[in-house]
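Here is a short guided walk through a structure, starting with a pocket and moving on to two helices and the loops after them. Keep the view open and turn it as you read.

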Amino acid sequence: MSPTATAAAKQTAEQIPPTRMPLPESDPEDTLIDEACRDLRLPAFRERFVELSATARREQSSYKRFLLDLLQVERADRDVRRQQRLVRSARFPRPKRLEDFDFDRNPNVLPETVGGLKSTSWVREGASPGADR
């Protein structure tokens with residue numbers, strides 16, 4: 001999948017809160033899909049299936065497009081949950097952002113050095129952040 005498709009799926013997953021839509025009582029297939037999603041541990045797929053199937057029906061999407069949409073939602077949800085799990089397991093003492101860096105308390109650190117950390121090019125080049133290139 002392309003990076004833009006993954007980014008779009010993440011954005012879609014982040015925009016819509018994970019509230020479970022009620023399954024229609026009249027369709028036994030929806031119940032079976034719900035059970036299969038639970039067994040296969042596909043929570044985002046399970047949460048968004050009814051909504052995405054209604055959208056696919058309304059937009060007359062192909063089966064492949066509908067399946068791709070569901071898989072992208074699941075992938076994006078897993079990416080978000082993985083990032084959250086990694087941050088929790090790192091047990092950082094508190095959130096730290098480059099924008100919050102206090103130059104008054106660290107007079108020997110140049111703003112260019114901290115600004116250089118915003119780009120990852122220094123890692124690829126094997127240089128120090130903020131170093132003259």
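Let's begin at the lining of the largest pocket, whose residues divide into three nonpolar, one polar and six charged. The model is a predicted one, so please read everything below as computed from that prediction. To find the pocket in your viewer, select R94, P95, K96, R97, L98, D100, F101, D102, R105 and N106, which line it. The nonpolar members of this lining are P95, L98 and F101, and the polar one is N106. The charged members are R94, K96, R97, D100, D102 and R105. The volume of this pocket comes to about 240 Å³.

Now step back along the chain to α3, which covers residues 43-59. How far apart are the end C-alpha atoms of α3? They are 24 Å apart, and this agrees with expectation because 17 residues at 1.5 Å a residue should span 24 Å. Along the way, though, α3 has a kink of about 55 degrees, centred on F49. F49 is also one of the buried residues of this helix; the others are A44, F45, R48, V50, L52, S53 and A56. An α-helix has 3.6 residues a turn, so residues three or four places apart point the same way. With that in mind, try colouring the buried set, including F45, F49, L52 and A56, and follow it along α3.

Just after α3 comes Q60, in the loop that leads from α3 to α4. Here the backbone is worth a look: Q60 has a positive phi of about 55 degrees, although it is not a glycine. Is Q60 buried or exposed? Its relative accessibility is 70%, so Q60 counts as exposed.

Next is α4, spanning residues 63-90. Its 28 residues should span 40 Å at 1.5 Å a residue, and the end C-alpha atoms are indeed 40 Å apart, so the two values agree. The buried residues of α4 are F66, L70, Q72, V73, E74, A76, D77 and V80. Notice that E74 and D77 are on that list, along with F66, L70 and V73.

α4 is followed by R91, which sits in the loop between α4 and α5 (111-116). R91 is not a glycine either, yet its phi is positive, at about 50 degrees. R91 is exposed because its relative accessible area is 72%, which is over the 50% cut-off.

Conventions: Residues are numbered from 1 along each chain as its sequence is written. This is a predicted model: local features need pLDDT of at least 70, side-chain atom pairs count only at pLDDT 80 or more; totals for chains, interfaces and linings use all residues. Side-chain values use heavy atoms; hydrogens and water are left out. Helices (H or I, at least four residues) and strands (E, at least two) are DSSP runs, numbered from the N terminus. Buried means under 20% relative accessible area, exposed over 50%, partly exposed in between (1.4 Å probe, protein chains only). The expected span of a helix is 1.5 Å times one less than its number of residues. The bend at a residue is the angle between axes fitted to the seven residues ending there and the seven starting there. On a 1 Å grid over the protein atoms alone, a cavity is a set of points where a 1.4 Å probe fits but cannot get out, and a pocket is an open set with protein on both sides within 12 Å along at least five of seven lines; lining residues have an atom within 4 Å of a point. Grid points are joined across faces, edges and corners, and a volume is the space filled by probe spheres set on the points.
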